[in-house]
Each structure stands twice: as structure tokens, then as C-alpha cells.
Amino acid sequence: MSSTQSIRTIKTTCPYCGVGCGVKATVSASGAVRIAGDEDHPSNFGRLCSKGSALADVLVPEGRLRMPQIGGQDVSWDAALHAVASRFKAVIAEHGPDATAFYVSGQLLTEDYYIANKLMKGYIGSANIDTNSRLCMASSVAGHKRAFGEDIVPGTYEDFDHADLVVLTGSNFAWCHPVLHQRLMAAKAARPELMIVAIDPRKTATTQQADMHLDLAPGSDVALFQGLLRWLSDNGHDDSGFIAGHTQGLSKALAACDDFSIAQVARRTQLPAHTLAQFYALFAKTEKTVTVYSQGVNQAADGTDRVGAIINCHLFTGRIGRPGMGPFSITGQPNAMGGREVGGLANQLACHMDLENPQHRATARAFWGAPHMPGKAGLKAVDLFDAVASGKVKAIWIMATNPVDSLPNADKVRRALETCETVVVSDVTTDTDTAKLADILLPAMAWGEKNGTVTNSERRISRQRRLKNATGEARADWDIMCDVARRMGWSEAFDFSSEVEIFREYAAMTAFDNDGSRGLDLSALADVTAEAYDALEPVQWPVVKGKAPGGRLFENGGFYTPSRRANFIVPAQAAAQPRTLDLPFTLNTGRIRDQWHSMTRTGLSATLSQHLAEPFVEIHPEDARQAGIKDASLAEISSRTGSVIVRALVTPRQRRGSVFVPMHWTDQFASNGRVDALVAPQTDPFSGQPALKSTAVYVQPYAAQWHGFAVLRHRPQSLPGRYWAIAPVHGGWRLECAGQGALGQSYEAFLEAIRQGQQPIRYDDAQGGQHRAAIFAGDTLAAALFFSKTLVGVSRQWASSLLDPDRDEMPSSLHILAGRAASDQTDQGAIVCACMNVGINTIRAAAGRASDVDSIGACTGAGTNCGSCRGEIKQILEDLRADKNAIQTAVGG
Ligand code: SF4
């Protein structure tokens, strides 16, 4: 930390995705925080994406849980902790340890995670602790363990700089891991011969910037890589030395590829045979190949097999552990890797040991001095909440996550928690859909308040550091758990008073009984001092005394199977949930560029909410036509477990027969947008990871009889219509709503509810079905409402800007009611570049003098900061060119 008298600059780590970018936070004497990328951090070298750049926006007191609560009433910490300890003790005494459970999160720091595991697995004596990382990358964990014997990512981010071919499969890299994507695009700019292949059923910002896009049929990933293995074998691309020296099981794996000729793979993937041949030949001839996989691979009923099929191709060609090559799992969450390291999954012990391995159990028992140790794996996330629903689990403690929104069959999860005897939730926010169901609610420190470590996708451990004091009485998660453990009778084992003490114990455990049989080894940090921990620079593991830390693994074999050889895998063919006549679409779920998980943090940022302010469904134009759904209208999507109402985005980017809905919206931001209520609870048999991208659904129009749009200085208590979606804007909120029933009545009721005694300026055309109003509090606009029988034709960006406190001048009431800028004022349209605040109209206008993404950047600034929007800018330019060509053709014709 460097400091002057009044300003401190603190290095910390972004709390969002698994890239793990270093952040420099400059804290002024008044407590204001300025965020920049850390140029010295080897994971990002100063870059941040839009979410990371907006971190200061979310360091606000709004919505924070400040005091412990029991039954909705504020209580002292003493009372709350006593209640948690006594309820857990009572359930254990009456029903045994397996009647209790923890459900934790990749948002926790490694020190928190370590304590949670030690408490549940070593002291309570159950393995019923699972993490929301189960939803994110459990199939990669299982795939690594099957192939390598341990959950190890072999490569480093530097491999992107060295690779000649990068295959991105099941990864919308540009939106979900933007800084790594930018690193890849920088490598491409420096070496245009670097080829990028994107494998995705959908056209995305990532496929847009790739050299080749394989838009394979959903669920055909294993077939694609089985075909690749067969093609590599048929054409003599094996690394026979690596295979003979460091692997086993090849003959069975090759036999399993017999039915995967190019013609057969073409049928399964619905890709043209010549495209497949082109991809296979490119892979074969390019030694320096990195294959990146993420949630599109993991979140499938055959996710572990997909991982195995990818790794097979790298083992076969010996492309692992050397510069610019290797299979590379990129995690979704900031500390998914740290959680894996300390045993965050129900089937693991800490330090990459296995619960079902008696030797490992003995090691952990001895190290912890554990009085109780489960003999078998605990319940994985979906099964765990089933056990809550059936009453087998009677006390659950949920930490830093929101399963009522994120687990499949989410309505069932909600019902399960409603009926559970004891639900403890520790979180930073009062008002999540899960926190609302807590019997005991514990305020936890948020990012910027807590201290500890996280591990990113390349095995790099970085510090998260405190920037400011805790909000209210919030405490660190590890501290809360230690206090409960002490009250349950285990004072000595949980006598920690700081993060470094926990980290030291964890590092020592990685070395305990580790004769080289486990790759995760932090022994050189086992006696780290408090000062050294405070100053800890990002470090990649293994960190062993006398050796340079980190680096690539497995170049010369040394896998962690009993034979020290890597296993080739024989994938089975798992069927996705079949589409049926009544459920004819496959639902794919995923992320958008500027939101994170269930929006408890990013949803606070007006900057981040500008990009996409409503839940939506992407649907192909032909499918939309057949379903009677128009662009920008509302669609109702239903499955066997639930339904949502979302805005229709009709686009040829979406594959026919499939629809895409983002995962982020909760009851705090939309009336019916919780997409996981639709998702079937189908899981991968090895990893237990839910298939979040292949639910059979039905899509139909939502027949709204009225539509509304409003900008509001304050968020109203209740919102109108069966459909509403609300998002922050600078200086207030923007609201979309729609419903059935009489337009005029709905409008008047809402106007009455929000006008708070002010006299609105109105425009009403009852016959034409138009009602508009502007409400002023003194000279300040308090609200503007636009209700209509049809979709509301108002410039959202312009109307939202009316609330902006930095706005120079307020347009006339006439223009406000007209809903658009006067001809001498600018309306930049929907924001494309959140970092530089550039809208689509500005980009379109600049396209007259700029023909590519870089020159648009030079003219407008768009795409010049984090670069996550470059794919969209490219698409806008292509759409404009296509329109121009169409006009010329029409005129010429
Ligand atoms: Fe944070 Fe963005 Fe970096 Fe991910 S890519 S760690 S979200 S700044």
C-alpha cells in the first residue's frame, strides 16, 4: 500500500469473474474510491472490463444488511450467533450431522471457504457442503480428475500470447472473460496469423471476432471432439513419445471414436463436412493450440465427457504444459478455484484430497485433529436442495449466494427453503430472493471491506484487500463461522483471529503428508508472516521452497494418477433433455456483458445497467414469425417447472429451434424474469453439474393490452402490470411495464401512486391509446410516464438522461411529453460502450467517416477502454453495410 497524508492506493482483486484482474483502488480522505487496472498484475496488466471499471459504483450503502436479524427483527451478534449454534447443535443431536448443510459460494475468499469446510467436514461430521461453483465448473473439476488424477489447470494466461490457434468452445469469451479476450485480440493484432476458432450454437460477440465459427447443433460437442480425435489418429498426428511415456487407455478411447467419421460427425453436429475437415486440418497442423472451455461445455448433462473429449485431443498430440498449448478451463467466479483448492465441493476434502479416499480422510483427520469425519461424499447442490425439500436436511446455512434464483427448478428451491426448519443466510444484501426466506440473517462484509485471497483460472493466488470499514455491523464470513464453531464447542480448532492465521494453516495442510502425490502445494507459504501476507504479490501455485513458483504443468507427464500417467477418456453419449411437440425449443441460459450473477452488485450501477436493461429472449426470426412474436414485444416462455415473461429480441444470431435467456434477473429487477425457474434439474452423472443450457421450453407471445415506460427519481413501492423490469439510471430509475386490462385505469392508478401531491403536466389521447405525463418537484423532474396501447415509442436513453444530475438544461415539457430530443439536441441511442458512454446513434453517425472498429474508436472513443463492445460495434457496421447494399440492390433493380 502506498499512501500520502490523505490518499491511499491499495492493490486488490476484482470480485467478478475467474480472470482475476488486479485492481488499484485509490481511496481519498473522504472515503471516495477511484478504480483502475493494476499494470503490475500479471493476469491483466492494467486492463479492466466494464464491470471491473465500475466497481466504485457498487461501494454504496444502499441495500446493505447492517445488523443480524432473527425473524426479520434486528438482534445483537451474540443473540444471532447463539441462535445459529444452538439450532445446528439441536438438529445434529436429534437427527445426526447429515440433517445439516452449508451452501457456499465462489464469492467467498479462500480463508472463508477453508473454515466452512473444516467446520462441516472435520467437526460437524457431514460432507453436506456444496458451492454455487457446482453450477459453474464442476464438470471441469471432474474432467481434470479423470484425466490428470487431480483438478489442475495445466497452462497459464501467457499461453494466449504464444498460441498459433485458440479454440474457444462453449465460451462467450468477449462478454464473460473480457480482459482475457482482449489479451487474445491483442495477440491476434500483433500476429494476424494467429487463428481463432469459436465453437458455439449461437452467434455472439465472440464468434463475431473469430476467424472461424462452428455453429454446431446444441449438445453435439462430444461428437465434434470425438471426430477430431479420430481424424488426428487416421491422419497420423499422434505424439507417440508423449502417449507412450505419459498416458494410458488410448486404445479404448480410439475404439470409441469408430463411429465418428467426418460424415457421421457432420450429421450429429449439423456442420458441413468441409467445415469440419477444415477445422480438423487446422487443429492437426497447428502445434501451438490452446482449447478454452467454459460454461457452455460444463453446464451440460455430458459436461464431464465434453471436458474429457477435449483433453483427449491434447494428450494425443502431446500439446499440454508447453508454451502456447493445452486445454484451458476458464472459471466463471472470482474464487471458484480457491474453493476447489480447500474442498468447497461436497465430494472433496481440502487441499485436493478426496473424501472417498481412506488415506486422504486419515490425512485430513490427523491434520485437523478432527473429532468427526464423514465417510462418504455429501449431497451435491441439486440433491442438497431436494433433501431440504424432503425434510432430510433440517438446518441449512447459505453464504454469499442466491440459490432461489440460480439453481435449476428455482421455484422448487424457494418452496424448499420456505418449509425448512432453519435457514441461515449470511450475505451483504438485505433484499435477495434467498435472504427473504432466512430465519436468521447475518450481515457479511462486502468486497472492499474484506481481506483474504482468491485464486484465478491460471492457479494464481491474489490478495483481496480492505479499502474501507465494514458497513454497519457486518463481519467477515470466516469470523462469523469461527464464532459459531466456538459456540458449538470447538474453541481450539477455530481460535483464529486473522486471515493470515487461516491462510498459514491451509498452506501447511497442502504440504501435510504430501510426498509429491498432490500437485497443490503451498508449503513455501506455510510460515508466511502477517507483513508478508499483507504485501503478498500475485503468485501462481505450486509454491514450494527452493523452486520457482507456478509455471506450466505436465510437459513431461507427472500426472497425479496412481500410475502418474494421464488417462484417455471414453465418453458416453448423454442425451440432452429432448424437445417435444409441446416444448419445441431448447433453452440456453447465460450471461450478458455488463451484469454479474443475480445483480446484487452490478444491478446497483447505472453505468452497467445502460447496456441491457430488461430480461430478454433471443429468438430466430423464422421461429418468432411462427410463434407470432414480434421484435421488442413480450414473450412468455414456459417449461415443465415454471415460466417467465421477457422482451423478445428477434435476431438471426440465434439458432433456429433454440432460444437464449440471460441468467441475471431476479424479483428485485423484474416481475417474471427468473430464468432458472424454467430449467430442468438434469445433472451430469460424474460432476453433478446441472445442464443449464438445454431445457425444453414453449414460447408464445404475452398478449399485453397496454405498455408503459417511465423514468422515476425514486423507485416506487409497487410496480404496475404483470410484466415490469426496473433498472437504475444516473439520478433515478427507468421502468418498463405491461399488462392486461384497461390502459387508462392502469395508467391513472400508477400516476396516482407516484405523483405524491404534485400536479402532473399531461397529454391524454384516450381514443388513440396514448397517455403521457411529466411530474416536477419544483424545477426538478420527478417522473415522466409514457403509457400506450402499443409498444411505447420513446427514446429510452434520452428519456433516462432527463434524470441525470449532470444534465445542463431541461428540455421543455412539450419535448418531454413528445419523448424525444429536440432537433437541435443529441440523442445517442442505446448505450453500446458502457466505459466511454457511447450510444448506437453516435456509432451509426460516425460510420459515415469510419469503416472499421478501430476508426470508430478513434472518432467516438467506443471500444477503446475494456473493448468488450468491439464485437457489437463490428456487428453494427456490418448491419449498416448490409442495409446499404440492400438499398443499392433495390435501387439498381
Ligand atoms: Fe473483473 Fe472484468 Fe477482469 Fe473479470 S475480466 S476479473 S469481471 S475486470
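Me: Which helices each supply at least two residues of the shell around the ligand?
Reply: This is a predicted model. The ligand is surrounded by residues that include Lys 51, Gly 52, Pro 178 and Val 179. Lys 51 and Gly 52 fall in the helix spanning 50–53, while Pro 178 and Val 179 fall in the one spanning 178–190. The helices that each give at least two shell residues are α1 and α7.

Me: How many residues of the shell around the ligand are nonpolar, polar and charged?
Reply: Cys 14, Tyr 16, Cys 17 and Val 19 are among the residues around the ligand. Gly counts as polar and Lys as charged. Gly 20, Gly 52 and Lys 51 are also in the shell. By class, the shell has nine nonpolar, two polar and one charged.

Me: What is the space taken by the ligand?
Reply: Residues around the ligand include Cys 21, Leu 48 and Cys 49. The space that the ligand takes is the largest cavity.

Me: Why is helix α4 largely enclosed by the rest of the structure?
Reply: Helix α4 covers residues 138–148. Its buried residues include Val 141, His 144 and Phe 148. Just after α4, Gly 149 has a positive phi of about 85°. The helix is largely enclosed because, of its 11 residues, the number buried is nine.

Me: Which residue in β28 stands opposite Ile 619?
Reply: A closed barrel of six strands runs β24-β28-β25-β27-β26-β29, with mixed pairing. Its neighbouring strands are turned by 45° against each other on average, direction ignored. Strands β25 (616–619) and β28 (658–662) pair in the antiparallel sense over two bridges. Opposite Ile 619 stands Val 659.

Methods. Residues numbered from 1 in each chain as written. Predicted model: local features only at pLDDT ≥ 70, side-chain atom pairs only at ≥ 80, totals over all residues. Heavy atoms only, no water. Buried < 20%, exposed > 50% of the residue type's maximum accessible area, 1.4 Å probe, protein only. Helix = DSSP H or I, 4+ residues; strand = E, 2+ residues; numbered from the N terminus. Near = heavy atom within 4 Å. 1 Å grid on protein atoms, 1.4 Å probe; cavity = no way out; pocket = protein on both sides within 12 Å on 5 of 7 lines; lining within 4 Å. Sits in = over half its atoms within 2 Å of the grid points. Pairing = 2+ DSSP bridges. Axes fitted to C-alpha atoms, helices over the stretch in contact; angles between N-to-C directions.
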